[in-house]
Amino acid sequence: MRAFGLKTWIWNNGWKTGLLLAGFPFLLALICFALGLLVVAGEAHSFRQGLRDAVGIIPVVLPVVLLVTAIWFAIAWAWNQRILDFLTGAHPVTRQQEPRLWNALETLCISRGLGMPRLAVIEQPARNAFASGLSRTTGAVTVTRGLLDSLDDRELSAVLAHELTHIRNGDARLAVVAAVFAGVVALPGEIIVRAGNIFGNTGPLTTGRSSSRSSSKDSGKGGAAIFLVLLSLAIMLLTWALALGLRFALSRNREFLADAGAVELTQDPDALISALRKVAAQSELPRLPSQVQAMLLESPGETLGKMWLATHPPLEERIGALIRYAGGRDPGPVSVLEAEPAPAETPMPAAAPVPGSPWWRQS
């Protein structure tokens, strides 16, 4: 599914979202099978019998798991932005509260005929931002207080254009879907791992059988239990790897394309390069979950060069692309102290509220 332009990239993101949705029941079935193997391991007289018993458990357990997961996923789908606000500590803002931020994003939206996304601020000194939302009409842009204080108006517009491009391209939707899926699939694996001590002490590998049983039967049964438990752990690791793959489905190319979209909107590659340099000087938000880290404008912990696990391309590669293809100029790395606070801007008069529009668009 190679992309040859903006339209095909958006189309590809839609297909990726659909594939994530289609693969989710398969991952749940694997998890149920792994749990079934652990349940039957202590009583199985042979490896084949254990496999048959575990498969027989799936039709009983899977519908319940699917129902519970569907309810949880529906809640997460409907309240994804509230969940992100809770995890990041962000709060929505109005035009009166943040006129500089609001006016910068509104100008970009007007220039492309887009609806105004929801704006939120994280009261942290770190410099970062991310886009979220499941559609263009429910998109949201969240920035940190440190970003607002350190960027000038040109740089702020460039960062907002980058995040707005993520919403236009469907990257924000893919990020939310991947984050929800990775969290759901990883949770049973974490429960199994935490329960490992219990199984190790009182589970299928440790039995209190009477010594009167034949040693050959005990050894055969114990060997089957060991293989069944090992297979369960292998499947668990596989599901964890697949969950990790969901998270890293956010390809490195999305950042390059968002950078290109920001330059297209602002016609100012120098501002984006300067903003990236300032962001890189203090971008860490270590308390955020890894799924949210993957959505950030810059996340050093999620940048692993050209390895397949990377969610963010190295900053130097992004800046190099802006220099080669957009004619930008690089001011070089900056320190935290070198980035001066942005000058205050005279607030613009508040626009009249539009009847029937959401509360954050009325202010």
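## The sheet

In this predicted model, a good place to start is the pairing of strand β2 (residues 118-122) with strand β4 (residues 140-144): the two run in the parallel sense and share five bridges. To pick out one position, Leu-119 has Val-141 of β4 as its bridge partner. Helix α4 (residues 99-112) packs on the sheet here, touching both β2 and β4, and its direction makes about 140° with that of β2.

Zooming out, β2 and β4 belong to an open sheet of four strands, ordered β1-β2-β4-β3, and the pairing in it is mixed. At the edges sit β1 (90-92) and β3 (129-132), each of which pairs on one side only. Ignoring direction, neighbouring strands of this sheet are turned by 25° against each other on average.

Helix α6 has a place on the sheet too: α6 lies across β3 and β4 and runs at about 25° to β3. That helix also has helical partners, so to speak, which come next.

## Helix α6 and its helical partners

Take α10 to begin with. Helix α6 (residues 153-169) packs against helix α10 (residues 253-266) at an angle of about 120°, and their axes are 7 Å apart. An angle of about 120° falls outside the range of 65 to 115 degrees for roughly perpendicular and is not over 145, so α6 counts as oblique to α10. The crossing of α6 past α10 is right-handed. From α6, the contact draws on Ser-157, Ala-158, Ala-161, His-162, Leu-164, Thr-165, His-166, Arg-168 and Asn-169. On the α10 side, the residues include Arg-254, Leu-257, Ala-258, Gly-261, Ala-262 and Leu-265. By class, the α6 contact with α10 splits into seven nonpolar, seven polar and five charged residues.

Now for α11. The axes of α6 and helix α11 (residues 269-281) come within 8 Å and cross at roughly 90°, which means that α6 is roughly perpendicular to α11. Here α6 contributes Arg-154, Glu-155, Ala-158 and Val-159, while α11 brings in Asp-270, Ala-271, Leu-272, Ser-274, Ala-275 and Lys-278. This contact of α6 with α11 has five nonpolar residues, one polar and four charged. Ala-158 is worth a look on screen: that residue is listed in the contact with α10 and again in the contact with α11.

## From α10 to α13

Helix α10 packs against helix α13 (residues 315-326) as well, at an angle of about 45° and with the axes 10 Å apart. That makes α10 oblique to α13, and α10 passes α13 in a right-handed crossing.

The α10 residues involved are Glu-255, Phe-256, Asp-259 and Val-263, and they meet Glu-317, Arg-318, Ala-321, Leu-322 and Ala-326 of α13. Sorted by class, this contact of α10 with α13 holds five nonpolar and four charged residues, with no polar ones. Glu-255 and Asp-259 of α10 turn up in this contact with α13 and also in the one with α6.

## How far to trust it

The protein has a mean pLDDT of 78, and 74% of its residues reach 70 or more. Two stretches call for some caution. Over residues 201-214, pLDDT stays under 50, and the model has 18 contacts beyond four places in sequence for them. Over residues 344-363, pLDDT again stays under 50, with 26 such contacts in the model. Where pLDDT is low, the predicted coordinates should not be read in detail.

Methods
Residues numbered from 1 in each chain as written. Predicted model: local features only at pLDDT ≥ 70, side-chain atom pairs only at ≥ 80, totals over all residues. Heavy atoms only, no water. Axes fitted to C-alpha atoms, helices over the stretch in contact; angles between N-to-C directions. Parallel < 35°, antiparallel > 145°, perpendicular 65-115°, else oblique. Left-handed = near helix turned anticlockwise from the far one by under 90°. Contact = heavy atoms within 4.5 Å. Nonpolar A, V, L, I, M, F, W, Y, C, P; charged D, E, K, R; others polar. Pairing = 2+ DSSP bridges. pLDDT = per-residue confidence, 0-100.
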